[in-house]
Amino acid sequence: MKNETLCSFDFYKTKLAFFNLRGTSASKSNIRSMWQLCRFEQAFDLYKPAPWCSIFSLNDIAVLEYGEDLGYYHEAGYGFSMNKNILCEAVQNLLNYLQSNDPTEQPARILITHSTSMQLLMVSLGLFEDATPLLRSNFAQQSYRKWRTSQQTAFASNLAVIRYE
């Protein structure tokens, strides 16, 4: 079962039906580099198609996105049971803040962090948990999954919590 859950290049290789660039098979490193260029270029301007993304089919993009999600799912998501407890102190601090009646407290708390820390916080709060765990073998069943890092925590994330009286 352990090998079943790990994200590896085998997932990409078996799911990318045919990836051939000008007659030369692309290596693992090439595919990952092109995918990174596609993602960063597209994030720069959401309203303009990114040239690097044009080399991938819609199915290729779905597979590559799932591979990213699968990796983060096990690194900072629900795939590793300890992740629910890693930011326990931060969640407790947040709850104490929300329940406080101290007039000297600031009206807002703002968390500006890297995407991995925000994913850990989301897991601690029970957000975006799917009924079925993400595995490399259930790609087809996960097309409507909640855990989508490209939509929830792309690159970096911010959280603002405002307490109203």
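In the predicted model, helix 3, spanning residues 28-44, packs against helix 4, spanning residues 58-75, at an angle of about 95 degrees and with the two axes 12 Å apart. Because angles of 65 to 115 degrees count as roughly perpendicular, helix 3 and helix 4 are assigned to that class of arrangement. On the side of helix 3 the contact is made by Ile31, Trp35, Gln36 and Arg39, and on the side of helix 4 by Ile61, Leu64, Glu65 and Glu68. By residue character, this contact of helix 3 with helix 4 divides into four nonpolar, one polar and three charged residues.

Helix 3 also takes part in a covalent link, since a disulfide is a covalent bond between the sulfur atoms of two cysteines. Cysteine 38 is joined to cysteine 53 by a disulfide with an S to S distance of 1.9 Å, and the count for the model comes to one disulfide. The link of cysteine 38 and cysteine 53 is right-handed, with 100 degrees about the S-S bond. Its two ends belong to distant parts of the chain, 15 residues apart, with cysteine 38 placed in helix 3 and cysteine 53 in the loop between helix 3 and helix 4. Cysteine 38 has a relative accessibility of 3% and therefore counts as buried, and cysteine 53, with a relative accessible area of 12%, is likewise buried, given that the class covers values under 20%. Cysteine 88, by contrast, is partly exposed, with a relative accessible area of 46%.

At the level of the whole chain, the secondary structure comprises eight helices and four strands, which follow one another from the N terminus in the order α-α-β-β-α-α-α-α-β-α-α-β. Of the 165 residues in the chain, 35% are buried. The surface exposed by the chain amounts to about 10800 Å², of which carbon and sulfur atoms supply 57%. When contacts in the chain are restricted to residues at least 6 apart in sequence, 71% of them join residues at least 24 apart.

A further pairing across the sequence concerns glutamate 165, which lies in the segment after strand 4, the strand formed by residues 156-162. The C-alpha atom of glutamate 165 is separated by 9.1 Å from that of proline 107, although the two residues are 58 residues apart along the chain. Glutamate 165 has a relative accessible area of 90% and is therefore classed as exposed, the threshold for that class being over 50%.

Definitions and conventions
Residues numbered from 1 in each chain as written. Predicted model: local features only at pLDDT ≥ 70, side-chain atom pairs only at ≥ 80, totals over all residues. Heavy atoms only, no water. Axes fitted to C-alpha atoms, helices over the stretch in contact; angles between N-to-C directions. Parallel < 35°, antiparallel > 145°, perpendicular 65-115°, else oblique. Contact = heavy atoms within 4.5 Å. Nonpolar A, V, L, I, M, F, W, Y, C, P; charged D, E, K, R; others polar. Buried < 20%, exposed > 50% of the residue type's maximum accessible area, 1.4 Å probe, protein only. Areas by Shrake-Rupley, 256 points an atom, 1.4 Å probe, with all protein chains shown as cover. Disulfide = S-S within 2.5 Å.
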